[in-house]
Amino acid sequence: MGSQLDDVTLKIINSPKFEIITTFLYSTGLRESSSITEGNQTPLNNCYLLDYGLHRLRAAAVDFSFAQALSSLDCPGLLEALASDIEKRYLEEHPQDGRRADKNFIVRLAYGKNGEVHIMTGPRPRIPFIQYYPTTLPDPNATNIGVPVVDLFVDPGRIEPTLFTKHKTTFRDDYSDARARVGLTPTTPFLEGEVLLVNQRDEVLGGGFTTVYFWRNGSYVTPASSSGAKIGVSRRWALENIDVQESVVLIRDVLEGEHVWLSSAVSGFCRGKIRFINEAM
């Protein structure tokens, strides 16, 4: 299990409402490769990188010493069972959409300290031209690829890297505070803005909801785990399948108006544009 936890962390995780979570896209229109057709589509194919999401949850359970959650996550056949449960819930909660391939949904898996899993689903806007399984990322300054560009506002504050920046949990105070500092609310749609987090050493962590990819010396880099970057599901896809490397990214080397790529397990891969708050407001 994880290392000794400090009193502040213990107080947070001992709250009955605290959970470790992962979120991802569910869609019957999701295709990893041309080999997946209507005839061989399974519930698991509709859940974006669910296996990565469970791996992420397991890592969080270890670090937070959630023994019962870890036991639940280690159950044989869990991946397929969860995918089937998610499909059943989707069809029950959204019967009007049936198996329409043009509909997207967000799924939230949450585990408490007692090992119980809670599943929530909800509709998600479908964004044109978004990729989910890229093996390359175009030059972020390209103008002919049609992918939306999201303003990425640099947080003027500084975040201390903790287990709560490493893992996705229900404790999001640092993220909420950072969004507020750049004028974003909890309900601001993703396409209307994202926040770029910076640690106390002036190293970039990533976005509040996204992994960020910077073009450096002819290839893409994403903020290093040592900077406090979150263990993102789409981040893992990029590190394993795209020519992306981890690197420390100092905020002093990030430029106003610089184009980057962003990714998440809900919104896929899209572009971003750096905005410093004193320049943007």
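This report covers the sheets, the largest pocket and the aromatic pairs of a predicted model.

## The eight-stranded sheet

One open sheet has eight strands, in the order β6-β5-β4-β11-β10-β7-β8-β9. Its pairing is mixed. The edges are β6 (204-207) and β9 (244-247), and each of them pairs on one side only. From one strand to the next, the twist averages 35 degrees.

Strands of a sheet pair through backbone hydrogen bonds, and the pairing is either parallel or antiparallel. The next two sections take the parallel and antiparallel pairs of this sheet in turn.

## Parallel pairs around β4

Strand β4 covers residues 149-154, and strand β11 covers residues 268-276. The two pair in the parallel sense over six bridges. V149 stands opposite R271 in β11. D151 has K273 as its bridge partner in β11.

β4 also pairs with β5, again in the parallel sense, over three bridges. Here L152 stands opposite E194 in β5. In the strand order, β4 therefore sits between β5 and β11, given that strands count as paired with at least two bridges between them.

## Antiparallel pairs around β7

Strand β7 (residues 211-216) is joined to strand β10 (residues 259-264) by three bridges. These two strands run antiparallel. Y213 finds its bridge partner in β10 at W261.

β7 pairs with strand β8 (residues 219-223) as well. That pairing is antiparallel and uses three bridges. F214 stands opposite V221 in β8. β7 and β8 form a hairpin with two residues between the strands. In this hairpin, N217 takes a positive phi near 55 degrees.

## The three-stranded sheet

A second open sheet has three strands, ordered β1-β2-β3. Its pairing is antiparallel. β1 and β3 (117-124) are the edge strands, and each pairs on one side only. Neighbouring strands are turned by 20 degrees against each other on average, direction ignored.

Within this sheet, eight bridges join strand β2 (residues 104-111) to β3. The two run antiparallel. I106 of β2 stands opposite G122 in β3.

## The largest pocket

The largest pocket holds about 770 Å³ of space. It is lined by 42 residues. The closest to its centre are R124, K168, F209, S264 and S267. By class, the lining has 17 nonpolar, 17 polar and eight charged residues.

Where does the pocket lie with respect to the domains? Domain 1 (7-124) and domain 2 (149-276) both give residues to the lining, so the largest pocket lies between them.

Several elements each supply at least two lining residues. The helices are α6 (173-181) and α7 (233-241). The strands are β5 (194-198), β6, β7, β8 and β10. These five strands belong to the eight-stranded sheet.

## Aromatic pairs

The structure holds 13 aromatic pairs. A pair of aromatic rings is described by the distance of the centres and the angle of the planes. One of the pairs is F18 with F66, which is edge-to-face. The ring centres are 6.0 Å apart, and the planes stand at 90 degrees.

Which parts of the chain does this pair tie together? F18 lies in the loop between α1 (7-13) and β1 (20-26). F66 lies in the loop between α2 (50-63) and α3 (67-73). The pair therefore ties together parts that are 48 residues apart in sequence.

Notes. Residues numbered from 1 in each chain as written. Predicted model: local features only at pLDDT ≥ 70, side-chain atom pairs only at ≥ 80, totals over all residues. Heavy atoms only, no water. Helix = DSSP H or I, 4+ residues; strand = E, 2+ residues; numbered from the N terminus. Axes fitted to C-alpha atoms, helices over the stretch in contact; angles between N-to-C directions. 1 Å grid on protein atoms, 1.4 Å probe; cavity = no way out; pocket = protein on both sides within 12 Å on 5 of 7 lines; lining within 4 Å. Points joined across faces, edges and corners; volume = space filled by probe spheres on them. Nonpolar A, V, L, I, M, F, W, Y, C, P; charged D, E, K, R; others polar. Domains from an automatic or database assignment. Phe/Tyr/Trp six-rings, centres within 6.5 Å; stacked < 30°, edge-to-face > 60°.
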